[in-house]
Amino acid sequence: MRRRRAEKRKVLPDPKYKSELVSKFINIVMERGKKAIAEKIVYDAFASLQEKTGKKDALELFGQVLDNIRPMLELKSRRVGGATYQVPIEVTHARGITIAMRWLRNFARLRKGGPMSTRLANELFEAYQKQGAAVKKKEDTHKMAEANKAFSHFKW
């Protein structure tokens, strides 16, 4: 028997942009509880992104980046009679944003050279231009979901 679903916690808005979205991203970037360092990395990356694009509002840019990366579908493994199928499932808006942020962080960490803020800024800039590893990951995920849509009747 399963217990009730845990309720979502509200994240306090970040001090600079007063945005819950940025605060959530800072928490995702954070390692070993070092929030001040994560804040500095994210704020430096946003400043660098503003410089590169020539736009004023970093929040608007970040929103655009997340929209470019956010997946609409994801694959979930389902075991049916000894066989495991990759079943495409639609992603809720909140989960899509969380996945997009995680992909941004992971691909920034995989990049070579320079401090994390620079690598994150480059990943953000490429995602803004609809290029880069995170956008490719989204496209690959959608292709896989399209290829496996024959198994979509297994979602329950």
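Phenylalanine 62 counts as buried, with a relative accessibility of 0%, in what is a predicted model. Phenylalanine 25 likewise counts as buried, at 0% relative accessibility, and ring pairs link both of these residues into a cluster with Tyr17, Tyr43 and Phe46. The chain around this cluster has six helices and two strands, which follow one another along the sequence in the pattern α-α-α-β-β-α-α-α.

**The chain as a whole**

- Of the 156 residues that make up the chain, 37% count as buried, and the C-alpha trace spans about 55 × 35 × 25 Å along its principal axes.
- Among the contacts in the chain with a separation of 6 or more, 59% are accounted for by residues that stand 24 or more positions apart.

**Aromatic rings**

- The structure holds four aromatic pairs, and in the one formed by phenylalanine 25 and phenylalanine 62 the ring centres are 5.0 Å apart while the planes stand at 45 degrees, so this pair is tilted.
- Because phenylalanine 25 lies in helix α1 (residues 20-29) and phenylalanine 62 in helix α3 (residues 58-69), the pair ties together parts of the chain that are 37 residues apart in sequence.
- Tyrosine 43, a member of the ring cluster, also has lysine 16 lying over its face, at 5.2 Å from the ring centre.

**Helices α2 and α3**

- The axis of helix α2 (residues 35-53) and the axis of α3 come within 10 Å of each other and cross at roughly 90 degrees, which makes α2 roughly perpendicular to α3.
- Where the two helices meet, α2 contributes Phe46, Leu49, Gln50 and Thr53, and α3 contributes Ala58, Leu61 and Phe62.
- The residues of this contact of α2 with α3 divide into five nonpolar and two polar, with no charged residue among them.
- Phe46 and Phe62 therefore appear both in the contact between these helices and in the cluster linked by ring pairs.

**Two buried residues in helices**

- Asparagine 68 lies in helix α3 and is buried, since its relative accessible area of 9% is under the 20% limit.
- Once its neighbours within four places in sequence are left aside, asparagine 68 is in contact with Ala127, Tyr128, Lys130, Val135 and Lys138.
- Alanine 108 is found in helix α4 (residues 93-110) and is buried, with a relative accessible area of 0%.
- With neighbours within four places in sequence again set aside, the residues in contact with alanine 108 are Met116, Arg119, Leu120 and Glu123.
- Between the C-alpha atoms of alanine 108 and alanine 147, which are 39 residues apart along the chain, the separation is 28 Å.

**Positive phi angles**

- Most residues other than glycine have a negative phi.
- Lysine 18, although not a glycine, has a positive phi of about 55 degrees; it lies in the segment before α1 and counts as exposed, at 62% relative accessibility.
- Arginine 32 is another residue other than glycine with a positive value, its phi being near 55 degrees.
- The place of arginine 32 is in the loop between α1 and α2, and at 77% relative accessibility arginine 32 counts as exposed.

Key:
Residues are numbered from 1 along each chain as its sequence is written. This is a predicted model: local features need pLDDT of at least 70, side-chain atom pairs count only at pLDDT 80 or more; totals for chains, interfaces and linings use all residues. Side-chain values use heavy atoms; hydrogens and water are left out. Rings of Phe, Tyr and Trp (its six-membered ring) pair if their centres lie within 6.5 Å; planes under 30 degrees apart count as stacked, over 60 as edge-to-face and the rest as tilted. Helices (H or I, at least four residues) and strands (E, at least two) are DSSP runs, numbered from the N terminus. Buried means under 20% relative accessible area, exposed over 50%, partly exposed in between (1.4 Å probe, protein chains only). A charge sits over a ring if NZ of Lys or CZ of Arg is within 6 Å of the ring centre and within 35 degrees of the ring normal. Axes are lines fitted to C-alpha atoms, for helices over the stretch in contact, and angles run from 0 to 180 degrees between N-to-C directions. Angles under 35 degrees count as roughly parallel, over 145 as roughly antiparallel, 65 to 115 as roughly perpendicular and the rest as oblique. Contact means heavy atoms within 4.5 Å. Ala, Val, Leu, Ile, Met, Phe, Trp, Tyr, Cys and Pro count as nonpolar, Asp, Glu, Lys and Arg as charged, and the others, Gly among them, as polar.
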